[in-house]
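Please brief me on how the interior of this protein is packed and on where open space is left in it.

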Amino acid sequence: MQAVVITAYKSFEQLQELAELLSEKFLVYIHIDRRVPKDKYEALKSGGIRVYSLYPVNWGGSNHLKAILYLMHEALKEHPDLDYIHIISGQDWPTRPVEEIYNFFDGNLDIYMCSESLEDKSVNNLERIRNWQKYYSF
């Protein structure tokens with residue numbers, strides 16, 4: 001079983017089409033920027049699509065990460081047997097048929113995301129990261 005988590009703040013007609021397309025094969029969890037009026041995205045709540053609006057999101061900021069982590073948590077809480085969680089934005093669109101994407105990852109044990117410890121980084125690199133968080137991440 002696979003899920004797609006989507007963060008979005010605009011283009012709700014496209015987002016509706018994207019969510020409906022993906023929900024044919026995937027579980028779909030969407031976070032809408034909290035500053036968006038609810039009437040703009042109420043139609044998304046159909047066909048098992050989960051929609052949340054908890055955080056005001058600036059792309060790449062700490063609340064963007066919180067929204068993604070929240071969606072992942074909700075997906076795993078409801079479906080602890082998930083094999084993959086795909087992270088996309090509301091502006092993305094699949095370039096392959098949805099079934100082909102699903103089948104590629106079905107039974108695939110490869111990991112396509114990795115992380116690195118900040119402990120291993122040079123002082124200069126750590127300073128750049130701190131400055132990014134201080135000045136860019138709202």
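Buried here means under 20% relative accessible area, exposed over 50% and partly exposed in between, with a 1.4 Å probe and protein chains only. The model is predicted, so local features need pLDDT of at least 70 and side-chain atom pairs count only at pLDDT 80 or more, whereas totals for chains, interfaces and linings use all residues. Residues are numbered from 1 along each chain as its sequence is written, and side-chain values use heavy atoms, with hydrogens and water left out.

**Helix α1**
- Helices (H or I, at least four residues) and strands (E, at least two) are DSSP runs numbered from the N terminus.
- The buried residues in α1 are F12, L15, Q16, L18, A19 and L22.
- Because these buried residues fall within an arc of 165° when seen down the axis of α1, they line one face of the helix.
- Their cover includes β1, β2, β4 (84-89) and α3.

**Nonpolar core**
- The largest nonpolar core (buried Ala, Val, Leu, Ile, Met, Phe, Trp, Tyr and Cys residues joined through side-chain atoms within 4.5 Å) has 19 residues, and those with the most contacts inside it are I6, L15, L22, I30, I32 and L44.
- Two or more residues come from each of β1 (2-8), α1 (12-22), β2 (27-32) and α3 (98-105), and α1 gives the most, with five residues.
- Leaving aside neighbours within four places in sequence, L15 is in contact (heavy atoms within 4.5 Å) with I6, A8, I30, I32, L44 and G90.

Notes. The arc is that of the directions from the helix axis to the C-beta atoms.
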